[in-house]
Amino acid sequence: MPDPNGFLRYDRRLPARRPVPVRIMDWREVYPPAGEELIREQATRCMDCGIPFCHDGCPLGNRIPDWNDLVRTGNWDAAVESLHATNNFPEFTGRLCPAPCEAACVLGLGGQQPVTIKQVEVEIADAAVARGGLRPRPAPAPTGKSVAVVGSGPAGLAAAQQLARAGHAVTVYERDDALGGLLRYGIPDFKLEKHHVDGRVAQIEAEGVRFRTGVNVGVDVTAEQLRAEHDAVLLACGALAGRDTPETPGRALRGVHQAMAHLVAANRVVAAAGAGRPAAAALADGTPIDAAGKHVVIIGGGDTAADCLGVAHRQGAAGVHQLDLYPEPPTGRDAGRDPWPTWPWVLRDYPAHEEGGERVFAVAVQEFVDDGTGQVKAVRIAEVTVEKRDGRRIVTALPGTERELPADLVLLAIGFEGTEEQPLLRQLGVTRNARGAVDARPDWRTAADGVFVAGDMHRGASLIVWAIAEGRAAAAAIHAYLGGVGTLPAPVDPARQPLAAR
Ligand SMILES: Cc1cc2nc3c(=O)[nH]c(=O)nc-3n(C[C@H](O)[C@H](O)[C@H](O)COP(=O)(O)OP(=O)(O)OC[C@H]3O[C@@H](n4cnc5c(N)ncnc54)[C@H](O)[C@@H]3O)c2cc1C
Ligand code: SF4
């Protein structure tokens, strides 16, 4: 029974972020631990609704009111159990999820303050580590079946853990030198310190999963070899084909880069420093894309752009502009456009925005300007309007609005065009659809026999919570395909879409 007056007694409160001047001097996470008193108070705000709409916002089907009440009453061990019943990696989602559950929380109705669900989640996840660590749960008996998982992002890791716990022999193949997919070298440490990934990987390994890093499937081992060695294959290769702008004059200038090139380089340098290795050794070509002392222009308005912003400030950028094609969103939900409990279009202020830089809305780059030596020195922008016509985006520059912004380093964070075209797909006879994704049948199978797909590779660039949900669901389908006893949880089907009004 929840506290019926909790939300009347307490306002929504989050722990204070580390001060900006301190945190931009290091790469550690922005949020300190919340402390038990604050988190129990916040969990007390949950009303244990008859129809918990927060569930509809979350593809994992997390038992949110249950663990809110367990935290309120101090039952941490039971809260840890309840949270892990539906989510393999709450330490990732608790830190990184944009929290569609909070957008759907009943307490958020009418512009009020939803429960701090995500903060409660991360505190439970950390309590699991603090109270005895992430205990391995190996399967009681092997099934004699084996599964290859290609890709070690959250989708591949969630599927591997589910399948190993069901008794299957699982091998995860990862072309990078370290595990975690975008959690490892895409997302910076100030959002997710990598010991969280290491801790989870150690647990999964102790449950019997074999990891093979530095193996590019389709190149170092063929798809046929993989299929011959395993009873089923799961593709979880992500959606890493970065969108580009080849038609913009000056795109080939030095200093204009894909955002991921910048983020991966920065993450590798941080990882190398943590391991006591020189930064240059961390990069294949020895040249980090460093923002120190530079005027940086970031093109794009999403997670990737905000991560570039935080990295640029920590590297010591002289100044940063972040450009967005669309007009500035409202600060609160427009109920006419996105009624509760759908995901609203609102201005999202990431912690990186608090650290500096200027956001410029409703503009598009007309030209990357040459300094005369083949190096970018500025971007020429114009104010624009954007409309959708026949499903196509029409961007119109407004005459007389052009101006230049100084730029020694330009980062393109303008989205992803689906999964990469790579030899693995050709070898399997699997094609990318119009969105650049790989289609799944209702049972998560691709067009290739015994080959399944999950995560961003199927959905297109999305969220960690969806990758975990798809990894769990695909594992359930593979378990059934292999004739496994009983059923595994399948929180989503391939056609499931986020809760949206349009
Ligand atoms: C910069 C950035 C920041 C983000 N921030 C957030 C955030 O804050 N919150 C959030 O919810 N989401 C965020 N996302 C999205 C989130 O990271 C992804 O949705 C999620 O990681 C997808 O998981 P996945 O397992 O499907 O793929 P990925 O994490 O992309 O992993 C795919 C893996 O497959 C490997 N691979 C590919 N091909 C092969 C092959 N042939 N052989 C072997 N291995 C292969 C790749 O090396 C990679 O490690 C962010 C994305 C980016 C780019
Ligand atoms: S919708 Fe909000 S108040 Fe209701 S059960 Fe979920 S978290 Fe609690």
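What is the volume of the second largest pocket? In this predicted model, the second largest pocket has a volume of about 460 Å³. The close-ups below start there and then move on to other sites.

**View 1. The second largest pocket and its lining of 18 residues.** Nearest the centre of the pocket you will find Val80, Glu81, His84, Arg137 and Arg165. Two or more lining residues come from each of helix 6 (76-84), helix 9 (117-130), helix 10 (154-165) and helix 12 (195-206). Helix 6 gives the most, with 4 residues. By residue class, the lining of this pocket divides into 8 charged, 6 nonpolar and 4 polar.

**View 2. An open sheet of 5 strands with parallel pairing.** Follow the strands in the order 5-13-6-7-8. Strand 5 (256-258) and strand 8 (358-360) are the edge strands, and each pairs on one side only. From one strand to the next, the twist averages 20°.

**View 3. Strand 6 beside strand 7.** Here residues 295-299 of strand 6 run parallel to residues 319-323 of strand 7, and 5 bridges join the two strands. To get your bearings, look for valine 297, which stands opposite histidine 321 in strand 7.

**View 4. Two helices that pack on the sheet.** Helix 14 (residues 259-274) touches strand 5 and strand 13 (409-412). The direction of helix 14 makes about 75° with that of strand 5. Helix 15 (residues 303-315) is in touch with strand 6, strand 7 and strand 13. The direction of helix 15 makes about 175° with that of strand 7.

**View 5. Phenylalanine 53 and tryptophan 340, a tilted aromatic pair.** A search of the whole structure finds 4 aromatic pairs, and this view shows one of them. The ring centres of phenylalanine 53 and tryptophan 340 are 4.8 Å apart; their planes stand at 55°, so the pair is tilted. This pair links distant parts of the chain, with its two residues 287 residues apart. Phenylalanine 53 belongs to the loop between helix 3 (36-43) and helix 4 (54-57), while tryptophan 340 belongs to the loop between strand 7 and helix 16 (351-354).

**View 6. Backbone details in the loops of View 5.** The peptide bond from tryptophan 340 to proline 341 is cis, with omega near 10°. Proline 341 sits in the loop between strand 7 and helix 16. In the loop between helix 3 and helix 4 lies aspartate 48. Aspartate 48 has a positive phi of about 50°, although it is not a glycine.

Technical notes:
Residues are numbered from 1 along each chain as its sequence is written. Chains are lettered from A and ligands numbered from 1 in the order in which they are written. This is a predicted model: local features need pLDDT of at least 70, side-chain atom pairs count only at pLDDT 80 or more; totals for chains, interfaces and linings use all residues. Side-chain values use heavy atoms; hydrogens and water are left out. On a 1 Å grid over the protein atoms alone, a cavity is a set of points where a 1.4 Å probe fits but cannot get out, and a pocket is an open set with protein on both sides within 12 Å along at least five of seven lines; lining residues have an atom within 4 Å of a point. Grid points are joined across faces, edges and corners, and a volume is the space filled by probe spheres set on the points. Ala, Val, Leu, Ile, Met, Phe, Trp, Tyr, Cys and Pro count as nonpolar, Asp, Glu, Lys and Arg as charged, and the others, Gly among them, as polar. Two strands pair if DSSP finds at least two bridges between them. Axes are lines fitted to C-alpha atoms, for helices over the stretch in contact, and angles run from 0 to 180 degrees between N-to-C directions. Contact means heavy atoms within 4.5 Å. Rings of Phe, Tyr and Trp (its six-membered ring) pair if their centres lie within 6.5 Å; planes under 30 degrees apart count as stacked, over 60 as edge-to-face and the rest as tilted.
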